[in-house]
Amino acid sequence: MQTKALRIGTRGSLLALAQAHETRARLMAAHGLPEEAFEIVVISTSGDRIQDRPLALAGGKGLFTKELEEAIYSGEIDFAVHSSKDMPTQLPDGLELSAFLPREDVRDAFIGRAAPRIMDLPEGAVVGSSSLRRQALIRRMRPDLDVVMFRGNVQTRLRKLDEGVAQGTMLANAGLRRLGLADIITDLMPLDVFPPAPGQGAICIENRIGDKRITDLLAAIDHKPTGQALACERAFLAALDGSCRTPIAGHAVIDGDKLSFSGLILTPDGTKWHDAKAEGRAADAAEIGRKAGEDVRARAGEKFFEGWS
């Protein structure tokens, strides 16, 4: 009989808490456990605290996971809930991703103040984003726009819009839906024009390798198709040495035992790009992603990547 609450580690933003609450609700339903069987532990990460410069200059994606992973190592928490797109492709020794929740809509959402669609913004309008991928894709669509760095959580970015810092911004549709904010979206970006980041829309759960009690617990809520799609996308990213310094898009779709993948790499100014397409068995997801990444890297050539950092 379980007496000690299982500790779920999370960042403290409203979106991170919503993801932790969803994880807890799924575990409660899967195992018939009451809410008090779980404790949500909020941990501040470096990525949350650094707001004065781009993450690429501060250390990259690991800034959103490092403190949570240290808490897993120390036993302060039993497992951590993350946004999959925040996860580095290389996990620390001794840790693994044991579960993925069913994926939300992967599209990017545009929230416009001067116009509802990015193509309708006036020439020279300011659009804010902290994502190099989104910045590059916006510049590819509208070279005339002034794309500026826009750090902060969802609420901070929306406040900046209201203050007139920018006339529009891009956020993940999945995050806005999880926060109950879908009604503020003025346009959803088509996947063929504005492909998502690898891992976008997916929640993953990280824990200690060999902790059978936790891995057995998490197995009940693991969504296998999402895990397969993410294995492909993360392998594509790893083959390109992807980080917060690299504008990379990647999206895998699982249909039964089949997988289809599309990827894209861009220069930060959005003027040059190379895409990748691949299909195969879902069971070979990681290999498909790796080969797609190696192929697009070979076609682009090393000079394409100069200046990305």
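A residue counts as buried here when its relative accessible area is under 20%. By that cut-off Asn173, at 3% relative accessibility, is buried. I start there and then work outward through the rest of the model, which is a predicted one.

Asn173 belongs to helix H7, residues 173-178. Setting aside neighbours within four places in sequence, its contacts are Asp105, Arg107, Asp108, Ala109, Ile185 and Leu188. For a sense of distance, take Ser98: it is 75 residues from Asn173 in sequence, and the two C-alpha atoms are 25 Å apart.

Now the sheet in this part of the chain. In what order do the five strands of this open sheet run? The order is E7-E6-E8-E5-E9, and the pairing is mixed. At the edges are strand E7, residues 146-148, and strand E9, residues 187-188, each of which pairs on one side only. Strand E6, residues 126-128, runs parallel to E7, and three bridges join them. One of the bridge pairs is Val126 with Asp146 in E7.

Next, the helix on this sheet. Helix H6, residues 154-162, lies across strand E5, residues 108-112, and strand E8, residues 168-172. The angle between H6 and E8 is about 165°.

Leu158 is a residue of H6. Is Leu158 buried or exposed? Its relative accessibility is 14%, so it counts as buried. Outside the four places on either side in sequence, Leu158 is in contact with Ile111, Arg113, Leu171, Leu181 and Ile184. Arg213 is 55 residues away from Leu158 in sequence, with 41 Å between the C-alpha atoms.

Just ahead of that helix, the loop between E7 and H6 holds Phe150. Phe150 has a relative accessible area of 1% and is therefore buried. Which residues does Phe150 touch, leaving aside its neighbours within four places in sequence? They are Gly128, Ser129, Ser130, Arg157, Lys160, Leu161, Val165, Ala166 and Thr169. Val127 is 23 residues from Phe150 along the chain, and their C-alpha atoms are separated by 8.6 Å.

On to the other five-stranded sheet. This one is also open and of mixed pairing, with the order E2-E1-E3-E10-E4. Strand E2, residues 38-42, and strand E4, residues 95-100, each have a single partner strand, so one side of each lacks a neighbour in the sheet. On average, neighbouring strands here are turned by 30° against each other, ignoring direction. Helix H1, residues 14-31, packs on this sheet and touches E1, E2, strand E3 (79-83) and strand E10 (203-208). H1 makes about 165° with the direction of E2.

Within this sheet, strand E1, residues 6-10, pairs with E2 in the parallel sense over five bridges. Arg7 has Glu39 in E2 as its bridge partner.

That leaves the later part of the chain. Strand E11, residues 248-255, pairs with E12 in the antiparallel sense, over eight bridges. Ala252 stands opposite Phe261 in E12. How many residues lie between E11 and E12 in their hairpin? There are two, and Gly256 in the turn has a positive phi of about 65°.

Gly256 also appears among the contacts of Ala282. Ala282 sits in the loop between E13 and helix H10, residues 285-300. With a relative accessible area of 3%, Ala282 is buried. Apart from neighbours within four places in sequence, its contacts are Gln228, Ile254, Gly256, Asp257, Lys258 and Leu259. Ala282 and Glu69 are 213 residues apart along the chain, and their C-alpha atoms are separated by 29 Å.

Last, a pocket. The second largest pocket holds about 210 Å³ of space. Its lining consists of Arg140, Leu191, Asp192, Pro195, Pro196, His251, Ser262, Gly263, Leu264, Asp275 and Lys277. Which strands each supply at least two residues of this lining? They are strand E12, residues 258-266, and strand E13, residues 273-281. E12 gives the largest share, three residues. By character, the lining divides into four nonpolar, three polar and four charged residues.

To recap the two sheets: one runs E7-E6-E8-E5-E9, and the other runs E2-E1-E3-E10-E4. H6 lies across E5 and E8 of the former, and H1 packs on the latter. That is where I stop.

Note on methods:
Residues numbered from 1 in each chain as written. Predicted model: local features only at pLDDT ≥ 70, side-chain atom pairs only at ≥ 80, totals over all residues. Heavy atoms only, no water. Pairing = 2+ DSSP bridges. Helix = DSSP H or I, 4+ residues; strand = E, 2+ residues; numbered from the N terminus. Contact = heavy atoms within 4.5 Å. Axes fitted to C-alpha atoms, helices over the stretch in contact; angles between N-to-C directions. 1 Å grid on protein atoms, 1.4 Å probe; cavity = no way out; pocket = protein on both sides within 12 Å on 5 of 7 lines; lining within 4 Å. Points joined across faces, edges and corners; volume = space filled by probe spheres on them. Nonpolar A, V, L, I, M, F, W, Y, C, P; charged D, E, K, R; others polar. Buried < 20%, exposed > 50% of the residue type's maximum accessible area, 1.4 Å probe, protein only.
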